[in-house]
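Q: Please take a close look at one part of this protein for me. I would like to know how its last strand is set into the rest of the chain.

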Amino acid sequence: MKVCKNGLDENILELFTAPFDDHDFFLHATHFVTVEQALATIGILNPDFFEIDGYILWKNSQTRQYIEENRKIDEGKPRGFKERQRMEHFLNLFEIAGHFKKWEEWPPSLTDEDARYKKDIELMVIFAHQIEKYWRMALNRCFPDRKFEFEISADGLEGELGVCLTFWQAQ
């Protein structure tokens, strides 16, 4: 028998707040996730990206607002490769915890705040790596002549706190 793994270790289900003994993502999702939640997650994994003034950006409220307010990212100023990387690093930032406002109630058996925090961080880092995987595929499909670097930090980036992900064009 040949098994093609999906890239997620089924043991992460042990970190989930809703207990589910079968260790089966499909069954877990069909029992605890609504269709709307599943589709929203697919949307996060497959966002729109765009190019403007040589910059490759993730289409989100921050980049749309920035472009509308500034019209051009570089405002006609000469820019070097490092400046473009810095701007992409900043504009493509995704603060994972800041986008997930609704958390499940932790089971009574897990009352230790440090343990809950560590599980939350671990789950968000795993999620960030999955986002990277899908975003990298989409970026390579949309911009096959470009190379991209990703950064995931559990300790924040660009002044944001917690687990963050960002990307920029590599040289």
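A: What follows starts with the whole chain, moves to the strand, and then works outward to the core and the surface.

This is a predicted model. The protein chain has five helices and five strands. From the N terminus, the order of elements is α-α-β-β-α-α-β-α-β-β. The strand you ask about is β5, residues 164-169.

First, the setting. The protein chain has 171 residues, and 34% of them count as buried. About 11200 Å² of the chain is exposed, with 54% of that area supplied by carbon and sulfur atoms. Take the contacts with a separation of 6 or more: residues 24 or more positions apart account for 56% of them.

Now the strand itself. Is β5 buried or exposed? Six of its six residues are buried, so β5 is largely enclosed by the rest of the structure. Burial here means under 20% relative accessible area. Both faces of β5 are covered. C164, T166 and W168 are buried on one side. L165, F167 and Q169 are buried on the other.

Next, the strand partners. β5 pairs with β4 in the antiparallel sense, over six bridges. Within this part, S153 stands opposite C164 of β5. β5 also pairs with β3, residues 94-95. That pairing is antiparallel too, and it runs over two bridges. Here F94 has L165 of β5 as its bridge partner.

Then the core. In soluble globular proteins, nonpolar side chains tend to be buried together. The largest nonpolar core of this model has 19 residues. F167, from β5, is among those with the most contacts inside it, along with F49, W135 and L139. Four elements each supply at least two residues of this core: β2, α5, β4 and β5. Helix α5 gives the most, with seven residues.

L139 shows how these pieces meet. Leaving out residues up to four places away in sequence, L139 touches F49, I56, P144, F148, F150 and F167. So which residue of β5 does L139 touch? F167 is on that list, and F167 falls within 164-169, the span of β5. A second core is separate from this one. It has six residues, including I52, Y55, L57 and I67.

Now step away from the core, to the charged groups. The salt bridge count comes to four. One of them joins E51 and R146, with the closest N and O atoms 2.6 Å apart. This pair links distant parts of the chain, 95 residues apart. E51 lies in strand β1, residues 49-52. R146 lies in the loop between α5 (113-142) and β4 (148-153). E51 is partly exposed, because its relative accessibility is 39%. R146 counts as buried, because its relative accessibility is 19%.

R146 has a further partner. The side chains of D145 and R146 meet in a salt bridge at 3.8 Å, N to O. Salt bridges that share partners join E51, D145 and R146 into one network. D145 counts as exposed, at 62% relative accessibility.

Another salt bridge sits within a single helix. R86 and E83 are joined, with the closest N and O atoms 3.2 Å apart. Both lie in helix α4, residues 81-91. They are three residues apart, about one turn of the helix. R86 counts as partly exposed at 43% relative accessibility, and E83 does so at 32%.

Last, the surface. V35, L39 and I42 form a nonpolar patch there. Together they have about 310 Å² of accessible area. I42 belongs to helix α2, residues 35-45. I42 is partly exposed, because its relative accessible area is 47%.

Back to your strand, in brief. β5 is covered on both faces. It is paired with β4 over six bridges and with β3 over two. It also supplies at least two residues to the largest nonpolar core.

Terms used. Residues are numbered from 1 along each chain as its sequence is written. This is a predicted model: local features need pLDDT of at least 70, side-chain atom pairs count only at pLDDT 80 or more; totals for chains, interfaces and linings use all residues. Side-chain values use heavy atoms; hydrogens and water are left out. Patches are made of residues with over 30% relative accessible area and no salt bridge: like charges are joined within 9 Å, nonpolar side chains (Val, Leu, Ile, Met, Phe, Trp, Tyr) within 5 Å. Accessible areas come from the Shrake-Rupley method with a 1.4 Å probe; for residues, only the protein chains shown count as cover. Buried means under 20% relative accessible area, exposed over 50%, partly exposed in between (1.4 Å probe, protein chains only). Contact means heavy atoms within 4.5 Å. A nonpolar core is a set of buried Ala, Val, Leu, Ile, Met, Phe, Trp, Tyr and Cys residues joined through side-chain atoms within 4.5 Å. Two strands pair if DSSP finds at least two bridges between them.
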